[in-house]
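I opened this entry to get to know a structure that was new to me. My plan was to look up a few places and write down what I found.

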Amino acid sequence: QVHLAESGGGLVQAGGSLSLSCAASGRTASTAVMAWFRQAPGEEREFVAATTWDGSIFYSQSVKGRFTISRDNAKNSVYLQMNSLKSEDTAVYYCAADTSISRRVSAYAYWGQGTQVTVSS
């Protein structure tokens, strides 16, 4: 089993920045891929960004150029730096992990509890 614990998030004005962190514990061999997803009220959960153990990075088109994903393998942690935030970025952000890269929610076996990000306009 893998336990994912997110931190960060909160309330910020449009144009501002926030940083999220996610620390993995347990069977970390299953965290070759760590990703961020988000879910806005009434919407489906969607892919935001992902990074592999060897440093490959993938972004959704909606956040590319504004968000930066990074990871620290020694700390089994992944981070999401969010800049130039927009009201449409308001959502619960989830950390996810698994062994293969994918943009699909169903591809990830392990999930954090989620952290709220609210961007006021």
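The notes below cover a strand and its partners, a cysteine pair and a threonine.

**Entry 1: strand β5**

I noted at the outset that this is a predicted model. I began with strand β5, which spans residues 46–52. How many of its seven residues are buried? I found six, so I wrote the strand down as mostly covered, with buried meaning under 20% relative accessible area.

I then looked for the partners of β5. Strand β4, residues 33–39, pairs with β5 in the antiparallel sense, and I recorded six bridges for this pairing. For one position I followed the pairing across: Val 33 stands opposite Thr 52. The two strands form a hairpin, with six residues between them. In that turn I checked Gly 42, whose phi is positive, at about 75°.

Next I turned to strand β6, residues 57–59. β6 is joined to β5 by three bridges, and these two strands also run antiparallel. Which residue of β6 is the bridge partner of Ala 50? I found Phe 58 there. β5 and β6 form a hairpin too, with four residues between the strands. Gly 55 in this hairpin takes a positive phi, which I noted as near 100°.

**Entry 2: the cysteine pair**

I searched for disulfides and the structure holds one. The link is between Cys 22 and Cys 95, with the sulfur atoms 2.1 Å apart. About the S-S bond I read -80°, and the link is left-handed. Where do the two cysteines lie? Cys 22 is in strand β3 (residues 18–26) and Cys 95 is in strand β9 (residues 91–98), so the pair ties together parts 73 residues apart in sequence.

I also asked whether each end is buried or exposed. Cys 22 counts as buried because its relative accessibility is 1%. Cys 95 counts as buried as well, because its value is 0%.

**Entry 3: Thr 115**

My last stop was Thr 115, which lies in strand β11, residues 115–120. Thr 115 counts as buried because its relative accessibility is 11%, and the cut-off for buried is under 20%.

What does Thr 115 touch, leaving out residues up to four places away in sequence? I listed Glu 6, Gly 8, Gly 9, Leu 20, Ala 91, Val 92 and Tyr 93. I looked further at Gly 8: its backbone oxygen lies 2.9 Å from a polar atom of the Thr 115 side chain.

Definitions and conventions. Residues numbered from 1 in each chain as written. Predicted model: local features only at pLDDT ≥ 70, side-chain atom pairs only at ≥ 80, totals over all residues. Heavy atoms only, no water. Buried < 20%, exposed > 50% of the residue type's maximum accessible area, 1.4 Å probe, protein only. Pairing = 2+ DSSP bridges. Disulfide = S-S within 2.5 Å. Polar contact = N/O pair within 3.5 Å; in protein donor to acceptor, adjacent residues only side chain to side chain. Contact = heavy atoms within 4.5 Å.
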